[in-house]
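This report walks through a few local regions of one structure for a reader who has not met it before. The sequence and the structure come first, and the description follows.

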Amino acid sequence: MLNRAMPLMMAAFLILAVIQVAVMLHFSPDFLWSAIEWGRRFYLPIAGIGALLTLSGLLYETSAEKLARQGLRRRKGLMMDVLSRLTNRGVLEELMAREQRETVIDAEELAASLRARVIGQDRVCEDIAQQLRRRLALQVRGKPVGIFLLAGPPGTGKTYLSKQIAKQMERPLLHFDMTQMSSPHAATQLFGSPKGYVGSDTFGRLTGGLKEHPDAVVLLDEIEKAHPDVFKKFLTAWNDGHVTEASTNEQVSTTRCIFMLTSNVATDALTDIADRLTDEPDKMRGESVEALRRAGFAPEVLNRLDRIFVFRSLRGLDLARVAALEIEAMIEGYGLHVETGGIDPTLLFQVMQKQTNLGAAASARDLVRSIEDMVSESLITARQQGAKMVRLVTGPEGVEAEIAADTEAQRSRMSR
């Protein structure tokens, strides 16, 4: 209110200043009155301009206040703010605005980003984006943002989707391989050790990670491999909205994090369900729960899941796309790049045939490893010869890596 009344206060001070100057210069009342009469013709234009400036200032103040509340505009003042002096105020405001934006995310934009990166699982990407939008918008929440199970055959993108969600939403990722949590004592790795036991001087990997990053995406790979004692600890995290650090008995909140669980159990049954009920998502989820329960999945865990997303086996060109990306990543692992169009189509066709023959028994990743065994020596040789770019070709003796010309056009395409 004081800031908004400042123009009136300035006007009052200006009038007092004029009177003070008149007294100091010994102006007579007649002289002042004649000066006022002379300036009478300017009163109306000056008043109009003043009213226009006042109205513009009020409109600007109102719009700036609204934009500042939405995190879309930075407030500026004549005096240096303490945050501008002691830190980077712009970055701090951007972080605050990002937190506000995360409460209402654009589901279509997130789904499009996920579809562009996770091949062959468009329906899952769309469904999970909608779920995240609805759950982040909840103002009162006593449990995690979401507890999602990604089920389906290996090599279909379950782990990769979880990592992409963390990346696209700009959240930290806490990744735990639950195959390493199959013993009854494994819970101490995640939730800490009680006082008096080895390791009680440090936090558990999960409790420490959530204490430092409360808004993390927690990825639990192959959750069915975890020991029942580990499951019991997670039930509290999912049901009560916190986990307890054993070394200090401190409760660490889980209400801001997202739990992503992956599982490879009941692969054949889930694949059949996904094929039959593609256009009936609710019925597909119901039958998926029953299939997982029959496969031995703990009922108390299934009851606490918010959603189950079934990944379909990759087929046709989707399998070829994944295989091509895996081969590209393999080549880059040797410090090289693959030439544009440099993967022999015959090679990808052989990968697709092997996948069809083996069914769910082999993923594209497994087949790419066999390709690596065939070409690793030629890749090492190419790198030793100073090559930057290679192409894979199939010949009578199998797959070989040939050195490709590292032209300017190739480099520009790689940069894009």
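Q164 touches L114 and R117, leaving aside residues up to four places away in sequence. The model is predicted, and the contacts of Q164 are one place to start reading it.

**Helix 8 and its surroundings**

Q164 sits in helix 8, which spans residues 158-168. Is Q164 buried or exposed? Its relative accessibility is 7%, and buried means under 20%, so Q164 counts as buried. Q164 has company in helix 8: K158, L161, S162, I165 and A166 are buried as well.

The buried residues of helix 8 pack against helices and strands, listed here with their residue ranges.

| Element packed against buried residues of helix 8 | Residues |
|---|---|
| Helix 6 | 107-117 |
| Helix 7 | 122-136 |
| Strand 1 | 146-151 |
| Strand 2 | 173-177 |
| Strand 3 | 217-221 |
| Strand 6 | 258-263 |

Just after helix 8 comes E170, with a positive phi of about 55°.

**Helix 12 against helix 13**

Two packed helices are described by the angle between their axes and the distance between the axes. For helix 12 (residues 267-276) and helix 13 (residues 281-294), the angle is about 170° and the axes are 10 Å apart. Angles over 145 degrees count as roughly antiparallel, and helix 12 and helix 13 are therefore roughly antiparallel to each other.

Which residues of helix 12 and helix 13 meet? From helix 12 come A269, L270, I273, A274 and R276, and from helix 13 come M284, E287, S288, A291 and L292. Sorted by class, this contact has seven nonpolar residues, one polar residue and two charged residues.

**The sheet of strands 8, 9 and 10**

Strands of a sheet pair through backbone hydrogen bonds, either parallel or antiparallel. Here, three strands form an open sheet in the order 8-9-10, with mixed pairing. Strand 8 (337-343) and strand 10 (398-403) stand at the edges; each has a single partner strand, so one side of each lacks a neighbour in the sheet. From one strand to the next, the twist averages 40°.

Strand 8 and strand 9 (residues 389-395) run parallel and are joined by three bridges. V338 has V390 in strand 9 as its bridge partner.

Helix 15 (residues 316-333) lies across strand 8 and strand 9. The direction of helix 15 is at about 145° to strand 8.

Technical notes. Residues numbered from 1 in each chain as written. Predicted model: local features only at pLDDT ≥ 70, side-chain atom pairs only at ≥ 80, totals over all residues. Heavy atoms only, no water. Axes fitted to C-alpha atoms, helices over the stretch in contact; angles between N-to-C directions. Helix = DSSP H or I, 4+ residues; strand = E, 2+ residues; numbered from the N terminus. Parallel < 35°, antiparallel > 145°, perpendicular 65-115°, else oblique. Contact = heavy atoms within 4.5 Å. Nonpolar A, V, L, I, M, F, W, Y, C, P; charged D, E, K, R; others polar. Buried < 20%, exposed > 50% of the residue type's maximum accessible area, 1.4 Å probe, protein only. Pairing = 2+ DSSP bridges.
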